[in-house]
Every structure is written in structure tokens, then in C-alpha cells.
Amino acid sequence: MAPAGPKKGILERLDAGEVVIGDGGFVFALEKRGYVKAGPWTPEAAAEHPEAVRQLHREFLRAGSNVMQTFTFYASDDKLENRGNTLRFTGQQINEAACDLAREVADEGDALVAGGVSQTPSYLSCKSEDEVKATFKKQIDVFINKNVDFLIAEYFEHVEEAEWAVQVLKTSEKPVAATLCIGPEGDLNGVSPGDCAVRLVKAGAQIVGVNCHFDPLTCVRTVKLMKEGVERAGLKAHYMVQPLAFHTPDCSCQGFIDLPEFPFGLEPRILTRWDMHSYAREAYNAGIHYIGGCCGFEPYHIRAVAEELAPERGFLPAASDKHGNWGAGLEMHTKPWVRARARRDYWEKLKPASGRPRCPSLSTPDSWGVTKGHTDLMQQKEATTKDQLKQLFQKAEANN
């Protein structure tokens with residue numbers, strides 16, 4: 001049931017020291033469920049299959065999320081039309097549908113709606129600042145019309161583009177969060193996490209952090225560097241982290257997209273719910289109070305975050321009704337050796353096996369070394385040709 005009276009806003013909650021729990025990764029979760037196509041990763045499911053998006057929102061709400069982020073990742077017109085991706089819906093229709101679904105579910109609990117924008121093909125193709133900002137403005141207009149509670153600029157590899165996004169988001173006069181998909185090495189131009197955070201705060205973001213591309217502990221370490229930079233500059237901000245649910249110790253600066261397993265062979269890297277307890281505690285101890293997830297995060301991962309931080313929040317999520325604390329539900333199991341696992345120290349000390357005897361523990365990432373402006377990254381509306389693919393196959397073989 002939704003609480004009586006108006007909900008507290010995102011800044012009001014964070015200013016009061018509350019823990020805000022985000023949701024998980026919609027594009028990966030819905031791709032696995034058959035509603036999103038890997039490659040484009042675009043969110044037309046909000047308009048095509050609203051029941052699937054609505055259900056995933058509800059599962060995250062039940063698991064403990066108190067932010068319903070609109071399923072608008074890559075919902076800019078230039079991305080929706082990229083490389084032969086034909087849609088039956090316009091960008092505006094997708095963004096509007098996503099806002100309506102997020103609001104419907106948020107109003108079923110004490111959750112806020114966050115409208116999100118992400119990096120654009122226009123920026124990678126060296127379009128002008130005005131052109132890139134115009135792309136963000138189209139999405140912002142929908143968010144303002146739908147009266148979302150706050151805005152997030154997420155998944156930016158270059159801090160410059162993130163700054164442009166924040167500047168546009170600030171025109172809405174709503175609270176603005178900004179997260180980069182970077183690790184401790186900084187953005188793809190080598191701007192350090194601390195300097196990135198300072199630039200985002202100066203652009204107008206009240207909440208800064210990272211999302212995607214790296215595992216939880218790498219992301220927490222990166223946000224710590226951002227926090228140090230902001231404090232060193234004499235500025236103030238709140239901090240957020242929404243990492244992958246995959247182990248990525250072998251990743252280079254571009255993160256998991258460089259792994260040979262991306263995106264269809266990542267399952268052996270998935271974090272357990274117990275790993276998520278460690279992540280939640282590490283993030284909270286680092287002074288990060290907006291804690292959520294990105295690609296790979298399923299509702300049970302968010303439930304683990306909510307359970308770990310239940311003492312700070314003062315309550316357990318509804319989904320904990322079906323989950324005993326630290327495996328306590330196993331006390332009811334028919335097999336005694338399984339009942340013997342109904343204890344915290346068992347799960348905290350467990351070293352899960354992969355069951356894959358010929359698999360390495362780490363991979364060698366692809367390292368093409370290209371970023372904004374390189375010919376390999378020039379975006380196009382036409383479908384990728386066979387000749388273009390052949391050139392990529394040959395380059396990949398040469399790199400290996």
C-alpha cells in the first residue's frame with residue numbers, strides 16, 4: 001500500500017541520511033525474458049510489451065527498491081534508429097509509455113520515479129554540442145510533461161557528454177543525478193573519477209556516481225575516488241552506485257563490453273545474493289546512500305541489498321516474506337545436509353564452483369583502443385553491411 005500523504009523527494013531522503021535503494025538492469029533482464037534485442041538494447045518493450053516492463057518494476061518494488069527508473073535507456077531517437085533498427089513506435093511514444101509504467105508501480109509503494117537519459121550515437125559521431133543537447137531535450141520534454149520526481153543522466157563513457165546532459169536536465173528544475181560508466185582509471189579520455197565528479201557537480205548534478213561496466217566493489221572504489229575529488233574541491237554532493245551483477249576483475253577501462261563473454265556468456269560471472277550483502281555494506285560504509293544495480297541485477301539481488309541494510313532502513317522488503325535471513329528457510333528442508341547450510345557463516349565462507357573444468361578463471365579483454373571520433377565508432381542509420389562485418393571479423397582475429 002502506498003503511504004498516506006505526499007512522498008518525500010529524493011534530495012529530502014538523502015539529506016536526512018536515508019538509504020535509497022535503486023532497481024536493477026532492465027535491458028539485460030528483459031533480453032533474457034525475450035522482450036529486448038541484444039545489440040540495439042533499445043527499450044521499445046515499454047510500448048510493445050508493457051505487461052513485461054510493469055511486472056519487472058513490481059518485482060523490484062517488492063524486493064525493496066524505492067526508485068522506479070523509467071525504462072528509457074537508449075530511448076533517444078538517434079539510438080532507436082541506429083544501424084537498421086526499425087521500430088513501430090516513436091521515441092516519444094516509448095518514453096511516455098515508460099513514464100506511465102514507472103509511475104503506476106511507484107504509486108503502489110513508497111517509491112519515486114526517475115526519468116533517465118544515456119549516451120548517444122550523435123556524440124560518438126562527433127555531432128555538435130547543440131545537436132547532442134537537442135537529442136536530450138526531446139526526452140526531457142516528455143519527463144517534464146509526465147512529472148517524474150527526479151532525473152538521471154546515466155551510462156556515459158565521456159564526462160563531456162554527461163556534462164551536456166546534466167545542463168539540459170537542470171532546465172527542468174528537478175533534482176538531477178549523474179552516473180558515468182567508468183572505473184578507477186576514469187573516462188575514455190583519461191579524466192580521473194575525482195575530476196569527472198567535480199565537473200558533474202559544477203554542471204549542476206546534486207547526486208553523482210557510477211553505473212554499469214564494472215562489478216560492485218570496483219564501482220564502490222570508483223565512487224570513493226569521486227567523493228574524494230568533490231571534497232577536495234570544496235564542493236558537496238550525494239553519491240550513488242549502480243554496478244553490474246557480474247565479477248569483472250579482468251576488465252580494462254571500457255569494462256565488461258570488452259570481455260569475450262559479452263553479452264551471451266556472462267552467466268558464470270554472476271554475483272550471488274551473499275556477494276550483494278557485502279556490496280551493500282561496502283557501499284554504505286563508503287558514504288554512498290543511493291545504492292542500486294544495473295545489468296545482471298535481478299530482483300533477488302536487490303532484495304539482498306535491502307536485507308543487508310534493513311537495520312539502517314528500519315524494515316525488510318515485502319519479498320523477504322519468502323526468504324529466511326541468511327538461508328534460515330533451509331531449516332525446513334527435507335535433507336539434513338541441506339538443513340546444515342541454514343547459517344550465515346556457511347554462505348559467507350562459500351567459494352562457489354563454476355562446474356566448468358576447462359574454463360579459465362579470467363579472460364583477456366578485447367582492447368581495440370578506440371573512442372569518440374574513430375572511424376570504427378561512426379554511427380549510421382543503415383544496417384551494418386556484410387563487407388563492414390567482414391572487416392570487423394578480420395580485425396578481431398588480428399587482435400587475438
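At 11% relative accessibility, Tyr 74 counts as buried in this predicted model. The residue sits in the loop between β2 (67-69) and α5 (77-80). Its backbone is unusual in one respect: Tyr 74 has a positive phi of about 60° although it is not a glycine. Cys 212 also combines burial with a positive phi. Its phi is near 65°, again in a residue other than glycine. Cys 212 is placed in the loop between β6 (207-211) and α11 (216-232). Its relative accessibility is 2%, so Cys 212 counts as buried. A further backbone feature occurs at Pro 263. Phe 262 and Pro 263 are joined by a cis peptide bond, with omega about -5°. Pro 263 belongs to the loop between β7 (238-242) and α12 (273-285).

The strands were examined next. Eight of them form an open sheet, and the pairing is parallel. Their order is β1-β8-β7-β6-β5-β4-β3-β2. The edges are taken by β1 (20-21) and β2. Each has a single partner strand, so one side of each lacks a neighbour in the sheet. Within the sheet, β4 (residues 150-156) runs parallel to β5 (residues 176-180), and four bridges join the two. Leu 151 has Val 176 of β5 as its bridge partner. The pairing of β6 with β7 is likewise parallel and extends over five bridges. Here Val 208 is matched with Tyr 239 in β7. Four of the five residues of β7 are buried, so this strand is largely enclosed by the rest of the structure. Helix α9 (residues 159-170) lies across β3 (112-117), β4 and β5. The helix runs at about 165° to β4.

Gly 183 occupies the loop between β5 and α10 (193-203). Its relative accessibility is 4%, so Gly 183 counts as buried. Beyond its neighbours within four places in sequence, Gly 183 is in contact with Pro 193, Phe 214 and Thr 222. The C-alpha atoms of Gly 183 and Asn 211 are separated by 9.5 Å. These two residues are 28 residues apart along the chain.

Charged side chains were then considered. A search of the whole structure finds 24 salt bridges. One of them pairs Glu 59 with Arg 33, at 4.0 Å from N to O. This pair links distant parts of the chain, 26 residues apart. Glu 59 is in helix α4 (residues 50-63), whereas Arg 33 is in the loop between α2 (26-32) and α3 (45-48). Glu 59 is partly exposed, at a relative accessible area of 29%. Arg 33 is also partly exposed, at 36%.

Helix α4 contributes to another salt bridge through Arg 58. The partner of Arg 58 is Glu 104, with the closest N and O atoms 3.4 Å apart. Glu 104 is in helix α6 (residues 91-106), and the two residues are 46 residues apart. This pair, too, links distant parts of the chain. Both residues are partly exposed: Glu 104 has 34% relative accessibility, and Arg 58 has a relative accessible area of 30%.

A salt bridge within one helix joins Glu 348 and Arg 344. The N to O distance is 3.0 Å. Both residues lie in helix α16 (residues 344-349). They are four residues apart, so about one helical turn separates them. Glu 348 is partly exposed, with a relative accessible area of 47%. Arg 344 counts as partly exposed at 41%. Salt bridges also form a network, which links Lys 7, Arg 103, Asp 107 and Asp 149.

Nonpolar side chains likewise appear on the surface. Leu 389, Leu 392 and Phe 393 form a nonpolar patch there. Together they have about 260 Å² of accessible area. Leu 392 is found in helix α17 (residues 386-399). Its relative accessible area is 34%, so Leu 392 is partly exposed.

Definitions and conventions
Residues numbered from 1 in each chain as written. Predicted model: local features only at pLDDT ≥ 70, side-chain atom pairs only at ≥ 80, totals over all residues. Heavy atoms only, no water. Patch = residues over 30% accessible without salt bridge, like charges linked within 9 Å, V, L, I, M, F, W, Y side chains within 5 Å. Areas by Shrake-Rupley, 256 points an atom, 1.4 Å probe, with all protein chains shown as cover. Buried < 20%, exposed > 50% of the residue type's maximum accessible area, 1.4 Å probe, protein only. Pairing = 2+ DSSP bridges. Contact = heavy atoms within 4.5 Å. Axes fitted to C-alpha atoms, helices over the stretch in contact; angles between N-to-C directions.
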